[in-house]
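Open the structure in your viewer and keep the sequence panel beside it, since this tour moves from the whole chain to a single side chain.

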Amino acid sequence: MILVILDKAENHVKKASLEAISYAASLGEKSGQKVCGIIAEGVSNLGDLNKYGMSEVYEFKSPSYIDTQQWTEIISQAYHLLNPDYIILSNNSLGKSISGRLAVKLNLALISNVIGLKKNVEDVVIQKSVFSGKASAWYRLKNAKGILALMPNGYGLHEQKGSYTKILNLDINIPDSKIVLKDRVLIKGKTPLSEADIVVSAGRGMKDPSNWNLIEELADLVNATTACSRPVADSGWRPHHEHVGQTGIAIRPNVYIAIGISGAIQHLAGVNNSKKIFVINKDPEAPFFKAADYGVCGDLFEILPKLNEALRKAK
Ligand code: FAD
C-alpha cells in the first residue's frame with residue numbers, strides 16, 4: 001500500500017496533495033500497490049479524489065488546528081496500523097516540517113524534492129531535483145519502504161480513470177499540542193500562488209513599491225495572482241507570501257509574466273515549470289530571456305502603461 005498524506009485548506013484538499021496522489025498512482029501502477037490517503041475529517045470533496053487514482057481515504061477525528069509534532073505522531077500511528085510501503089507527501093511547508101521527523105521516528109529512508117519516476121524500467125527509480133532545478137538525480141531505495149516528499153508543482157496533476165474512492169475511519173490518539181494557536185489571518189481574495197493559472201511577477205526593476213499599481217492593474221486585467229522576486233520581499237516592498245523561487249514558493253502556472261526580474265538561477269528554480277514564460281526587461285543580456293517563451297526588451301515604465309491600456313480597451 002502507498003499512503004499519501006493529504007493536506008487541506010479550509011474544507012478542500014490542497015493542489016499539492018492532489019499532485020502527491022497523482023505521483024502515488026503512477027508509483028502504484030508500477031509496483032502493483034493501491035493508493036490510500038490519510039486526512040483530518042471535514043473535507044467535502046473526498047469522493048472526487050478517485051480522479052487522481054485514490055482508492056481509499058482514512059479520515060481521523062481532529063481538533064481544528066494540528067501542529068507539526070501532532071502530525072508526526074498521527075502519521076506514525078497510521079504507519080503502524082496500516083503498514084504502507086511508501087509514505088508520500090508534498091514537500092510544502094507541512095511536508096518540510098514533518099518528513100525529516102517521520103524518517104527518524106519510523107527509521108525510514110527519505111527522498112525529498114521528488115519530481116518524477118523512471119519509465120521503462122522494472123524497479124522503482126525515483127527522480128529528484130538537485131542544484132536548484134539545474135539538474136536531476138535518480139535514486140533507488142535500498143529497502144522496500146521509504147518516504148517520498150514531492151517538490152510542489154514538480155510532478156503536476158495527472159487525472160486517471162479511477163473508480164470509486166472508499167472513505168474509512170481511522171482511530172488515532174492525538175496527543176495534546178505543546179503550543180497554543182493565538183491567531184490565524186487568512187489572506188483572502190486571489191487564488192493562492194501555488195494554485196494560480198496566471199501569475200504576474202515583478203522584481204527590483206520596479207524601482208519602488210509605489211510603482212506596484214502597474215503590476216496590480218495588469219494582474220487584475222488578466223485575472224492573475226501577483227508574485228515577486230526575493231529581494232523585493234526582503235526589502236519589504238511586497239509581502240513574503242509573494243516570494244517565488246528556490247527559497248520561496250515553487251509554482252507551475254500556465255502563464256508566468258516576469259517584469260523587471262533578472263532571472264537568477266535561484267528565481268528560475270521556482271518558476272521554470274511554468275508552461276509559458278513572458279519576460280519584460282530592459283537588459284538584452286538578462287538571463288531570464290534564455291528561459292522565456294516570449295520576451296520584450298524595453299523599459300517597463302513605457303511598456304506597462306501601454307499594455308494595461310490596450311488590455312483595458314480590449315475588455
Ligand atoms: P535584480 O537582480 O536587481 O534585477 C532587476 C532586473 O530588472 C534587471 O535584470 C534589470 O535589467 C531589470 N530592470 C531594471 N529596470 C528596468 C526597467 N525600467 N524596465 C525593465 N527592466 C528593468 N531570488 C528569488 O527571486 N527567489 C528566491 O527564492 C531566491 N533564493 C535565493 C537563495 C539563495 C541562497 C541566494 C544566494 C539567492 C537567492 N535569490 C532568490 C536571489 C537571486 O540570486 C537574485 O539576487 C534575485 O532573484 C534578483 O532579484 P531581481 O531580479 O528582482 O533583481
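Begin with the whole chain selected and contacts switched on: in this predicted model, residues 24 or more positions apart account for 65% of the contacts with a separation of 6 or more. Colour by secondary structure next, and you can pick out eight helices and 16 strands in the protein chain. The radius of gyration is 21 Å, close to the 20 Å that the globule rule gives for 315 residues, so the chain is as compact as a globular protein of that length. If you turn the view along the principal axes, the C-alpha atoms fill a box of roughly 60 × 50 × 35 Å.

Now show the surface, where the accessible area comes to about 16,100 Å² and 49% of that area belongs to carbon and sulfur atoms. Of the 315 residues, 48% count as buried.

For the last stop, select Glu 242, which you will find in the loop between helix H5 (230-234) and strand E14 (255-259). Is Glu 242 buried or exposed? Its relative accessibility is 5%, and because buried means under 20%, Glu 242 counts as buried. Display the side chains around this residue, and look for the polar contact of 2.8 Å that joins the side chain of Glu 242 to that of Thr 226, and then for another polar contact, at 3.0 Å, with the side chain of Arg 238. Leaving aside neighbours within four places in sequence, Glu 242 is in contact with Leu 193, Thr 226, Ala 227 and Cys 228, so select these residues together with Glu 242 to finish the tour.

How values were computed
Residues numbered from 1 in each chain as written. Predicted model: local features only at pLDDT ≥ 70, side-chain atom pairs only at ≥ 80, totals over all residues. Heavy atoms only, no water. Helix = DSSP H or I, 4+ residues; strand = E, 2+ residues; numbered from the N terminus. Rg over C-alpha atoms; globule rule 2.2 N^0.38 Å. Buried < 20%, exposed > 50% of the residue type's maximum accessible area, 1.4 Å probe, protein only. Contact = heavy atoms within 4.5 Å. Areas by Shrake-Rupley, 256 points an atom, 1.4 Å probe, with all protein chains shown as cover. Polar contact = N/O pair within 3.5 Å; in protein donor to acceptor, adjacent residues only side chain to side chain.
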